[in-house]
Every structure is written in C-alpha cells, then in structure tokens.
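Q: Could you take a close look at one helix of this model for me, and show how its surroundings fit into the rest of the chain?

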Amino acid sequence: MMNEEKKALGEYLYESLENDAYLKKLETILTEQFGRKQADQPYWISNKQLHDLLRFADLLSKSFNKAGSLEQKLRAMAIMDKLKFLYPEHKTVEFFKRSVEAQYNGKPFITELELAKFNRESEHEGEE
C-alpha cells in the first residue's frame, strides 16, 4: 500500500481550478458582457453560463494553497462583482455573493486586498 499524502478539500480545489480551461472561457465571456453593459450595449449570459460562474466563484472562494489562495479568492470576488453589476436584482447572484464574501471571515474585503498589495510592494523594495 502506497503512503498517500492527505490533502484537504480546499487544496484539491485549488489544484483543479488553477488552470481550468472552461473557467477561463467563462471569465472571458463574463468580462466581455461586463464591458458591453458598461458601454450601454446589449449583453447576455446563458442560464448555464451564469449557473457555472456562480459555482466556480463559490469553489474558488473555498480553495486554498499557501502560494495562491488569495489570488483565487480575488478571482471569486471579481466574478461576483461583475455578475452583481450585470444582474443587480438577481436573488441567486446575491446569495452566492454573500457566500463568497463569507469566506473572508466577515472582514471587509478591502482589508485583505490592501494587505496583499502591501506584501507585494514590500517584496519588491530595493530591487530597482
């Protein structure tokens, strides 16, 4: 019997989602439709695409890895912010947005974003 390293579900999610081609395709579609609405042009996302984006955002918010979990949480928030902009009255979008935000332990999202920016800037100090 082989000795397998035990991993938490969040680590498996991280590995699976990091380079998922379908997720990247959906993010491209979402960004295009987000831009169309900002330009007051017609926009549209299919019910399947909306459902899949909501599920991906939820999974991204729950994945973790020491090197990349913040990036995946940022990805989840970006998806939800765009969906909320496209569908401000959609009850399911609101529900998933709250679920994604809950992964930040109730802290305002801007705190983690500012901390990540600070950490990145301090890593590059003195390189120039």
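A: Happy to. Read from one end of the sequence to the other, the chain runs α-α-α-α-α-α. In other words, this predicted model has 6 helices and 0 strands. Buried residues account for 34% of the 128 residues. The chain exposes about 8,900 Å², and carbon and sulfur atoms supply 55% of that area. If you take the contacts between residues at least 6 apart in sequence, 67% of them join residues at least 24 apart.

The helix I would pick for a close look is α3, which covers residues 47–62. Start with its length: at 1.5 Å a residue, its 16 residues should span 22 Å, and the end C-alpha atoms are 23 Å apart, so the two values agree. Next, look at what is covered. The buried residues of α3 are Q49, L50, D52, L53, L54, F56, A57, D58, L60 and S61. In an α-helix there are 3.6 residues a turn, so residues three or four places apart point the same way. That is a handy thing to keep in mind as you follow the list along the helix.

Now bring in a neighbour. Helix α2 spans residues 21–38, and its axis comes within 10 Å of the α3 axis, with the two crossing at roughly 115°. The crossing of α2 past α3 is left-handed. From α2, the contact uses Y22, L23, L26, E27, I29 and L30, while α3 contributes K48, Q49, D52, L53, F56 and L60. Sorted by class, these are 8 nonpolar, 1 polar and 3 charged residues. Of the α3 residues in this contact, Q49, D52, L53, F56 and L60 are also among the buried ones.

L53 deserves a stop of its own. L53 sits in helix α3, and its relative accessibility is 1%, so L53 counts as buried. Leaving aside residues up to four places away in sequence, L53 touches L26, E27, L30, I45, I79 and L83. Three of those names should be familiar: L26, E27 and L30 belong to the α2 side of the helix contact. For L26, the C-alpha atom is 6.8 Å from that of L53, although the two residues are 27 apart along the chain.

The list of L53 partners also leads to another helix. I79 and L83, both touched by L53, are among the buried residues of α4. Helix α4 takes in residues 69–86, and its 18 residues reach 26 Å from first C-alpha to last, close to the 26 Å expected. The other buried residues of α4 include S69, Q72, K73, L74, R75, A76, M77, M80 and L86.

Moving along α3 towards its later residues, you meet S61, which is buried. Its C-alpha lies 6.2 Å from that of Q103, with the two positions 42 residues apart in sequence numbering. Q103 is placed in the loop between α5 and α6, and is partly exposed, with a relative accessible area of 28%. Not counting residues up to four places away, Q103 touches S61, K62 and K73. K73 is one of the buried residues of α4, so to speak a second stop on that helix.

Two further pairs tie this region to other parts of the chain. T92 belongs to helix α5, residues 91–102, and is partly exposed, at 35% relative accessible area. The C-alpha atoms of T92 and H51 are 9.1 Å apart, for a sequence separation of 41 residues. A8, in the segment before α1, is also partly exposed, with 32% relative accessible area. Its C-alpha is 9.4 Å from that of S63, and the two residues are 55 apart in sequence.

Finally, glance at the link that leads into α3. D40 lies in the loop between α2 and α3. At 73% relative accessibility, D40 counts as exposed. Its phi is near 55°, a positive value in a residue other than glycine. Most residues other than glycine have a negative phi. For a last look, set D40, exposed at 73%, beside L53, buried at 1%.

How values were computed
Residues numbered from 1 in each chain as written. Predicted model: local features only at pLDDT ≥ 70, side-chain atom pairs only at ≥ 80, totals over all residues. Heavy atoms only, no water. Helix = DSSP H or I, 4+ residues; strand = E, 2+ residues; numbered from the N terminus. Buried < 20%, exposed > 50% of the residue type's maximum accessible area, 1.4 Å probe, protein only. Contact = heavy atoms within 4.5 Å. Areas by Shrake-Rupley, 256 points an atom, 1.4 Å probe, with all protein chains shown as cover. Expected span 1.5 Å × (residues − 1). Axes fitted to C-alpha atoms, helices over the stretch in contact; angles between N-to-C directions. Left-handed = near helix turned anticlockwise from the far one by under 90°. Nonpolar A, V, L, I, M, F, W, Y, C, P; charged D, E, K, R; others polar.
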